[in-house]
Amino acid sequence: MQNGNPAARLLDVIAEAMETNASASTRDAWSLILNTAGNQALMYERLGKLMQLSEETSFLMNDLFPRQKRATESWKKTFDSAFSNMSMGSQFVNFQNAITDTAIDHLTSAVDLLASKNKPELSADDIDAFVDTLNSLIYEALNSDFEQKVMECIVRSLRKIVVSLEEYRLTGTILVVDSIEQMLGHGSFDKEYLASLKDTDLGKKILGALGDLANAVTVATPFIGFFLTETVKQTLGAQG
C-alpha cells in the first residue's frame with residue numbers, strides 16, 4: 001500500500017538540511033529543520049519518522065523498480081551511515097559532508113520514478129493554508145458555546161489533525177486521514193458531539209474544512225478514498 005511519494009518527502013527534508021547552517025550543532029539544526037522548537041523528545045520522534053522514509057522508499061523502489069536495486073542500495077547505505085554516525089553535539093557539517101552528491105542524485109531519480117506511479121504530493125502552501133484554517137477553527141471552538149466536553153473533544157481532535165499536517169512531509173497522507181476518521185467517527189457514538197458538528201454554524205464550518213482537506217488528500221493519494229468509512233463520507237457530504 002503506497003502512502004504518496006516517500007522519496008519526494010525525504011528529498012525535501014534532505015535538501016533543506018543541506019542548506020542549513022553548517023556550523024550549527026546537529027541538535028539545533030534538526031530542531032530547526034523538523035520544527036520542534038527545542039523539544040528534544042519531539043525532535044527524536046520526528047527524526048525516527050524521517051529515517052523511516054528511507055525504508056519506505058527503498059521498499060517501494062525494490063518492489064516497483066527492481067532494476068534500480070544497486071542505485072537504491074547505494075543511496076540508502078549513504079543515508080543510513082549519515083544518520084547512524086550523527087553526534088548531536090557536533091557541528092551539522094559532519095552530517096552534510098556524509099551525504100554525497102551521488103546519493104542525492106540517486107534519490108532524485110527515485111523521486112521521479114515514484115512520481116510516475118503517484119499523484120503530486122500536497123504542496124507546502126496547501127498544508128500551511130489548511131493548518132491556518134484549522135488553527136482558526138480551534139480558536140473559535142475554544143470561544144464557542146459548545147458544551148465543555150464537546151468543545152474539548154473537538155479542539156483535541158482538530159489539534160491532532162494539525163499535527164498530522166505539520167508532519168505530512170514525514171508521514172504522508174495516511175495519518176491525516178486517520179485523524180479525520182477518528183474525529184468524525186466519534187460522532188457515531190456521541191450524538192451530542194455529532195449534533196454540534198452538523199447543526200451549528202461553527203460545526204458546519206469545521207465539517208466544510210475537513211471536507212476540503214479530505215478531498216485534497218484523496219486527490220494527492222487516490223487510494224485513500226477507499227479508507228474513508230461510509231459514515232465519514234456521509235458526515236462530510238462526500239457520497240460514493
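1. Helix α7, residues 124-142, has the length expected of a regular helix of its size: at 1.5 Å a residue its 19 residues should span 27 Å, and the end C-alpha atoms are 27 Å apart, which agrees. The model is a predicted one, and the values in this note are computed from it.

2. The buried residues of α7 are I127, F130, V131, L134, L137, I138 and A141. They occupy an arc of only 130° around the axis, so they sit on the same side of α7. On the face turned away from that buried side, α7 carries the exposed residues D125, D132 and Y139.

3. Helix α6, residues 101-115, passes the same kind of length check. Its 15 residues, at 1.5 Å each, should span 21 Å, and the distance between the end C-alpha atoms is 21 Å, which agrees.

4. Which residues of α6 are buried? They are A103, I104, L107, A110, V111 and L114. Viewed down the axis of α6, these buried residues fall within an arc of 115°, and they therefore line one face of the helix. The exposed residues D101 and D112 are carried on the face of α6 turned away from its buried side. The cover over the buried residues of α6 includes α1, α3 and α4.

5. Two of the helices named in that cover, α3 and α4, also pack against each other. Helix α3 spans residues 40-64 and helix α4 residues 69-84; the angle between them is about 170° and their axes are 10 Å apart. Angles over 145 degrees count as roughly antiparallel, and α3 and α4 are therefore roughly antiparallel to each other. Their crossing is left-handed.

6. Which residues make up the contact between α3 and α4? From α3 come L47, L50, M51, S54, E55, T57, S58, M61 and N62. On the α4 side they meet K69, T72, W75, K76, D80 and F83. Charged residues, among them E55 in α3 and K69, K76 and D80 in α4, are part of this set.

7. Outside the helices, T20 lies in the loop between α1 (6-19) and α2 (26-33). Is T20 buried or exposed? Its relative accessibility is 10%, and because buried means under 20%, T20 counts as buried. Apart from neighbours within four places in sequence, T20 is in contact with A29, I33, F92 and Q96. Of these, A29 and I33 fall in the range given for α2 (26-33).

Conventions:
Residues numbered from 1 in each chain as written. Predicted model: local features only at pLDDT ≥ 70, side-chain atom pairs only at ≥ 80, totals over all residues. Heavy atoms only, no water. Helix = DSSP H or I, 4+ residues; strand = E, 2+ residues; numbered from the N terminus. Expected span 1.5 Å × (residues − 1). Buried < 20%, exposed > 50% of the residue type's maximum accessible area, 1.4 Å probe, protein only. Arc of directions from axis to C-beta. Contact = heavy atoms within 4.5 Å. Axes fitted to C-alpha atoms, helices over the stretch in contact; angles between N-to-C directions. Parallel < 35°, antiparallel > 145°, perpendicular 65-115°, else oblique. Left-handed = near helix turned anticlockwise from the far one by under 90°.
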